[in-house]
Amino acid sequence: MVDQARARRLAKRISQIVAHELEHEIKDPRLAMVTITDARVTGDLREATVFYTVLGSSVDEDPDVTGAAAALASATGVLRSKVGQQTGVRHTPSLAFVLDVVPDEARRMEELLARTRASDEEVARLAAGATPAGEADPYRAPRADDDEA
């Protein structure tokens, strides 16, 4: 029987442990700008997927995603050991690190919304001074003999 509440609690605890270990224990400089965003555990509590993002050291600099992925791959064993020590579960789940695409997708959606707003403002500006094409009343007026019948 799958206990989803237990899996969610374990996933939350795993994300906390991994984030703490990356910040305080793992001394790899490639992991300095890594942020743990989420963790998911399978129903049988055997596998955990940890989502992370990488920030650049400045606004203009692109993040070192490949370096962070390599550093996380090399630290997986140590992190799994720490998770096993601090969670107390019978079987320590295997850890898989996946780059979180949510921030990039959110940024892309914000750009699309800004472009759409600009387009809507342009259409509203053009429509402000426009007059309807053709007659003012485009509907056919009833004939005089239809009124008498």
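The exercises below, each with a worked solution, deal with a predicted model of one protein chain.

Because the model is predicted, local features need pLDDT of at least 70 and side-chain atom pairs count only at pLDDT 80 or more, whereas totals for chains, interfaces and linings use all residues. Residues are numbered from 1 along each chain as its sequence is written, and side-chain values use heavy atoms, with hydrogens and water left out.

**Exercise 1. Elements and overall form**

Task: State which elements the chain contains and in what order they run, and set its radius of gyration against that of a compact globule.

Solution: Begin with the definition, by which helices (H or I, at least four residues) and strands (E, at least two) are DSSP runs numbered from the N terminus. On this basis the chain has 4 helices and 3 strands, and from the N terminus on they follow the order α-β-β-α-β-α-α.

Next, take the radius of gyration, which is computed over C-alpha atoms, while the globule rule is 2.2 Å times the number of residues to the power 0.38. For a compact globule of 149 residues the value would be near 15 Å, but the chain has 29 Å. Finally, the box filled by the C-alpha atoms, taken along the principal axes, is roughly 95 × 50 × 20 Å.

**Exercise 2. The nonpolar core**

Task: Describe the largest nonpolar core and find which elements supply it with at least two residues each.

Solution: First fix the terms: buried means under 20% relative accessible area, exposed over 50%, and partly exposed in between, with a 1.4 Å probe and protein chains only. A nonpolar core is then a set of buried Ala, Val, Leu, Ile, Met, Phe, Trp, Tyr and Cys residues joined through side-chain atoms within 4.5 Å.

In the chain as a whole, 26% of the 149 residues count as buried. The largest nonpolar core has 27 residues, and those with the most contacts inside it are I14, V18, L22, V50, L79, L95 and F97. At least two core residues come from each of α1 (4-24), β1 (34-41), β2 (47-54), α2 (65-87) and β3 (94-99), and α1 gives the most, with 7 residues. In soluble globular proteins, nonpolar side chains tend to be buried together.

As a last step, look at F97, using contact in the sense of heavy atoms within 4.5 Å. Residues up to four places away in sequence aside, F97 touches V18, V50, Y52, L72, T76 and L79.

**Exercise 3. Two neighbours in a loop**

Task: Decide whether L45 is buried or exposed, and do likewise for D44.

Solution: Locate the residues to begin with, and find L45 in the loop between β1 and β2, where D44 also has its place. L45 has a relative accessible area of 14%, so this residue is buried, whereas D44, at 52% relative accessibility, counts as exposed. The phi angle of L45 is near 65°, a positive value in a residue other than glycine. To relate D44 to another part of the chain, consider P93, which is 49 residues away along the chain, with 9.3 Å between the two C-alpha atoms.

**Exercise 4. Residues in helices α1 and α3**

Task: Find how A11, A124 and A128 are placed, asking of each whether the residue is buried, partly exposed or exposed.

Solution: Start with A11, found in helix α1, where a relative accessible area of 5% makes A11 buried. Apart from its neighbours within four places in sequence, A11 is in contact with A39, R40 and V41.

Turn then to helix α3 (residues 102-128), in which A124 lies; with a relative accessible area of 47%, A124 is partly exposed. The C-alpha atoms of A124 and D44 are separated by 56 Å, and the two residues are 80 apart along the chain. A128 also has its place in helix α3, and a relative accessible area of 65% makes A128 exposed. Between A128 and P142, which are 14 residues apart in sequence, the C-alpha to C-alpha distance is 32 Å.
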